[in-house]
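Keep the sequence and the 3D view side by side as you read. We will start at one strand and work outwards.

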Amino acid sequence: MTRHQPGEARATPDDWLAIGEVSARTGAAVSALRFYEELGLIASERDGRNQRHYPRHMLRRIALISVAKRIGIPLQDLREAFADVPLDRPPSHQEWQRASREWRLRLEERG
């Protein structure tokens with residue numbers, strides 16, 4: 001657990017991370033991140049130098065994408081399951097719960 005000194009900035013879900021940092025933190029290749037973005041699974045914004053930056057809350061989505069891939073869930077299924085989870089802000093607990101139920105149903109259908 002990282003300790004913060006008084007007055008030191010703390011990470012928030014709205015912090016922005018460069019694509020290389022997201023790749024390093026998640027283990028997803030930069031090319032995979034671009035592909036996930038192309039599919040609408042994650043979203044970034046471009047800075048003044050046209051470089052991608054991701055909000056910190058995308059880390060959870062990317063982790064779930066990695067799990068889905070590991071257990072053989074097609075990305076299209078994941079895209080449908082997460083269709084109602086917002087990309088433009090950190091999702092609420094309730095939004096994640098709804099998506100989780102949808103994902104569970106899809107897993108049971110495959111069972």
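Begin with strand β3, in a model that is predicted. Both of its faces are covered. Arg52 and Tyr54 are buried on one side. His53 and Pro55 are buried on the other.

Now see where β3 sits in its sheet. Three strands form an open sheet, in the order β1-β3-β2. The pairing is antiparallel. β1, residues 16–18, and β2, residues 45–46, stand at the edges. Each has a single partner strand, so one side of each is left without a neighbour in the sheet.

Take the two pairings in turn. β1 and β3 pair in the antiparallel sense over 3 bridges. To find one of them, look for Trp16, whose bridge partner in β3 is Pro55. On the other side, 2 bridges join β2 to β3, and these strands also run antiparallel. Here Arg46 stands opposite Arg52 of β3. Glu45 has His53 as its bridge partner in β3. β2 and β3 form a hairpin with 5 residues between the strands. In this hairpin, Asn50 takes a positive phi near 65°.

Stay with His53 for a moment. Its place is in β3, which spans residues 52–55. What does His53 touch, once its neighbours within four places in sequence are left aside? From one part of the chain come Trp16, Leu17 and Ala18. Ser44, Glu45 and Asp47 are in contact with His53 too. There is also a polar atom of the His53 side chain that lies 3.3 Å from the backbone oxygen of Gln51.

Ser44 leads us to another part of the chain. Its C-alpha atom is separated by 8.9 Å from that of Asp88. Along the chain, these residues are 44 residues apart. Asp88 lies in the loop between α4 and α5. Is Asp88 buried or exposed? Its relative accessible area is 70%. The cut-off for exposed is over 50%, so Asp88 counts as exposed.

Next, look at what lies on the sheet. Helix α1, residues 19–26, lies across β1 and β3. The helix runs at about 90° to β1. Which residues of α1 are buried? They are Ile19, Val22 and Ser23. These residues cover an arc of only 100° around the axis, which puts them on the same side of α1. The cover over the buried residues of α1 includes β1, α2, β3 and α3.

Ser23 deserves a closer look. This residue is found in helix α1. Its relative accessibility is 15%. Buried means under 20%, so Ser23 counts as buried. Not counting residues up to four places away in sequence, Ser23 touches Ala28, Ala29, Val30 and Leu33. With Ala28 there is a further detail: its backbone oxygen lies 2.6 Å from a polar atom of the Ser23 side chain. After α1 comes Gly27, whose phi is positive, near 80°.

Follow Leu33 into the interior. In soluble globular proteins, nonpolar side chains tend to be buried together. In this model, the largest nonpolar core has 24 residues. Those with the most contacts inside the core are Leu33, Tyr36, Ile42 and Phe82. Which elements give two or more residues to this core? They are α1, α2 (30–39), α3 (58–70), α4 (75–81) and α5 (93–110). α3 gives the most, with 5 residues.

Leu33 shows how separate parts of the chain meet. Leave aside its neighbours within four places in sequence. Leu33 is then in contact with Ile19, Val22, Ser23 and Ala28. Its contacts also include Ile42, Tyr54 and Ile62. You have already met Tyr54 as one of the buried residues of β3.

Finally, step back to the whole chain. The protein has 5 helices and 3 strands. From the N terminus on, its elements run β-α-α-β-β-α-α-α. How many of the 111 residues count as buried, as a percentage? The figure is 32%. Now consider the contacts with a separation of 6 or more. Residues 24 or more positions apart account for 58% of these contacts.

Notes: Residues numbered from 1 in each chain as written. Heavy atoms only, no water. Helix = DSSP H or I, 4+ residues; strand = E, 2+ residues; numbered from the N terminus. Polar contact = N/O pair within 3.5 Å; in protein donor to acceptor, adjacent residues only side chain to side chain. Contact = heavy atoms within 4.5 Å. Pairing = 2+ DSSP bridges. Axes fitted to C-alpha atoms, helices over the stretch in contact; angles between N-to-C directions. Core = buried A, V, L, I, M, F, W, Y, C linked by side-chain atoms within 4.5 Å. Buried < 20%, exposed > 50% of the residue type's maximum accessible area, 1.4 Å probe, protein only. Arc of directions from axis to C-beta.
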